[in-house]
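Dear colleague,

Please find below the structure that I am handing over to you. A short account of what was found in it follows.

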Amino acid sequence: MNALLRAAALVAAVVGGSAVIFLLLLDNLILPSIVEVPMVTVPDVRNRTVAAAHDRVSAKGLRLVVRDSVFSEAVAPGQIVDQVPTPGQRIKRARRVFIDVSQGRRLYAVPDVTGGSQREAGLQIQSHQLTVGAVRRESHTAIPAGVVIRQAPSATQRVPRGTRVDLVVSSGSPFDPKAVPHLVGLQIAVVDDSLLKYEMKLGVVSDRVAELLPPGQILSQFPEPGVGVPPGTAIDLVVSVRRDSLR
């Protein structure tokens, strides 16, 4: 009986060992010689539409798979931002090429900053990845000085990152004096805009020779900076000129 059991175990071991050897030969020698998967070069599908990328990838015997949808400042919506494997890499045919598709530029909601102070408005605008643009003063009978009256773009609009948000800020009652802005050192070309923001206008402009300074730079002003004046007051300026320009 024992002899029969030993013989049966020996036969089982031989059969099992033969099966393992056969599988190893099948995986390493027989199948590779029968089914040899060719290598292909991964095409570059970046900055192409998904449809165009599908055609290029399929022509190589590869499969296209959308991995993610991402925001992009540089790539138009619907086009491919990135791919894996990278272009030029050699991979086996029938493998997958993963792509990230652009959603275009990310847009940010413009916050409503009206009714708050200019400082609060600036903080809110920056926290929304936007930039404070031009700030203009305007008299108002009901809104206190320093409070934002209007904004552009208006609240709830969605705009690209870094968009400028212009503000109109109350300078208080039209009957209250307005502080004259500091203009010395500026170029005369930008003064009209600066004065308009403070509800003032350009007065008499006089020349003074100043060879070491750029022509058109403001040397002095009247009234002086910080003085309270009525809205619409004319501000007189002295600007630099070169001697040869007076000939």
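Helix α2 (residues 50–59) lies across β2, β3 and β5, and runs at about 150 degrees to β2. Helices (H or I, at least four residues) and strands (E, at least two) are DSSP runs, numbered from the N terminus. Axes are lines fitted to C-alpha atoms, for helices over the stretch in contact (heavy atoms within 4.5 Å), and angles run from 0 to 180 degrees between N-to-C directions.

This is a predicted model, in which local features need pLDDT of at least 70 and side-chain atom pairs count only at pLDDT 80 or more, while totals for chains, interfaces and linings use all residues. Residues are numbered from 1 along each chain as its sequence is written, and side-chain values use heavy atoms, with hydrogens and water left out.

The three strands form an open sheet in the order β2-β5-β3, with mixed pairing (two strands pair if DSSP finds at least two bridges between them). At its edges are β2 (63–70) and β3 (80–84), each pairing on one side only. On average, neighbouring strands of this sheet are turned by 25 degrees against each other, direction ignored. Strand β5 (residues 96–102) pairs with β3 in the antiparallel sense over four bridges; Asp100 in β5 is the bridge partner of Asp82.

A second site concerns Ser171, in the loop between β10 (164–170) and β11 (178–179). Ser171 is buried (under 20% relative accessible area, 1.4 Å probe, protein chains only), at 17%. The side chain of Ser171 makes a polar contact with that of Glu199 (2.4 Å); such a contact is a pair of N or O atoms within 3.5 Å, where, within protein, one must be able to donate a hydrogen and the other to accept it, and residues adjacent in sequence count only if both atoms are side-chain atoms.

Yours sincerely

Key:
Buried means under 20% relative accessible area, exposed over 50%, partly exposed in between (1.4 Å probe, protein chains only).
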